[in-house]
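Have a look at the chain below and keep the viewer open while you read. We'll start at one spot and work outwards from there.

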Amino acid sequence: MKDKKNIQKSLIKAAGQVFSQYGYKKTSMEDIARKFGMGKSSLYYYFKSKEDIFKKVVIYEADLLKEKLIEVFEKYQDPRQRLDRKSTRLNSSHIPLSRMP
């Protein structure tokens, strides 16, 4: 079971890269499978649909953002310092909103 969770996490990361590159509409399950190096039918063992994997990518990215925000808020006492630091780091670690459905 641990292997399945690890593979799902790796697939979610790979899918995030593909969605970021092509956008939701242009990304196919085949594109995601190819990025991970597996067959499309194998991808359906881990996810029901493209929408399912996209939701998991969004949740994964939101969790990463939450972790980074907590880290910054704990590190800086002045709210302006917190936001300035966070905004510079966020620019390189997210899926552009223009690529979302």
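K50 lies over the face of Y24, at 4.3 Å from the ring centre. A charge is said to sit over a ring if NZ of Lys or CZ of Arg is within 6 Å of the ring centre and within 35 degrees of the ring normal. There's another case of this in the chain: the charged end of K4 sits over the ring of Y45, 4.7 Å from its centre.

Before going on, a word about what you're looking at. This is a predicted model, in which local features need pLDDT of at least 70 and side-chain atom pairs count only at pLDDT 80 or more, while totals for chains, interfaces and linings use all residues. Residues are numbered from 1 along each chain as its sequence is written, and side-chain values use heavy atoms, with hydrogens and water left out.

Back to Y24, then, and its ring neighbours. A pair of aromatic rings is described by the distance of the centres and the angle of the planes. Here, rings of Phe, Tyr and Trp (its six-membered ring) pair if their centres lie within 6.5 Å; planes under 30 degrees apart are called stacked, over 60 edge-to-face, and the rest tilted. That rule gives four aromatic pairs. One of them is F19 with Y24, a stacked pair at 5.9 Å centre to centre with 20 degrees between the planes. On the Y24–F54 side, the ring centres are 4.9 Å apart and the planes stand at 65 degrees, so this pair is edge-to-face. The Y24–F54 pair links distant parts of the chain, since Y24 is in the loop between α1 and α2 while F54 is in helix α4, 30 residues apart. Put together, F19, Y24 and F54 form one aromatic cluster.

Are these rings buried or exposed? Buried means under 20% relative accessible area, exposed means over 50%, and partly exposed is in between (1.4 Å probe, protein chains only). F19 counts as buried because its relative accessibility is 1%. F54 is buried too, at 10%, and Y24 makes the cut at 18%.

The loop that holds Y24 also holds T27. T27 has a relative accessible area of 2%, so it is buried. A polar atom of the T27 side chain lies 2.6 Å from the backbone oxygen of G23. Leaving aside neighbours within four places in sequence, T27 is in contact (heavy atoms within 4.5 Å) with V18, F19, Y22, I32 and K50. Two residues from the aromatic story turn up in that list, F19 and K50.

Now step back to the whole fold. The chain has five helices and zero strands, with helices (H or I, at least four residues) and strands (E, at least two) taken as DSSP runs numbered from the N terminus. Buried residues make up 29% of the 101 residues. Among contacts between residues at least 6 apart in sequence, 58% join residues at least 24 apart.

What sits in the middle of the nonpolar story? A nonpolar core is a set of buried Ala, Val, Leu, Ile, Met, Phe, Trp, Tyr and Cys residues joined through side-chain atoms within 4.5 Å. The largest one has 16 residues, and F19, I32, L43, F47 and I53 touch the most other members. Helices α1 (2-22), α2 (29-36), α3 (40-46) and α4 (50-75) each give two or more residues to this core, and α1 supplies the largest share, five residues. Pick L43 to see how it knits together: not counting residues up to four places away in sequence, L43 touches L11, M29, I32, A33, M38 and I53. Three of those partners, M29, I32 and A33, are buried residues of α2, as is D31. Just after α2, G37 takes a positive phi of about 85 degrees.

Finally, two lysines in α1 are worth a click. K5 is found in this helix and counts as exposed because its relative accessibility is 53%. Its C-alpha is 9.1 Å from that of Y46, although the two are 41 residues apart in sequence. K13 is in α1 as well, but partly exposed, with a relative accessible area of 41%. The C-alpha atoms of K13 and Y60 are separated by 8.4 Å, with their places 47 residues apart along the chain.

Key: A polar contact is a pair of N or O atoms within 3.5 Å; within protein, one must be able to donate a hydrogen and the other to accept it, and residues adjacent in sequence count only if both atoms are side-chain atoms.
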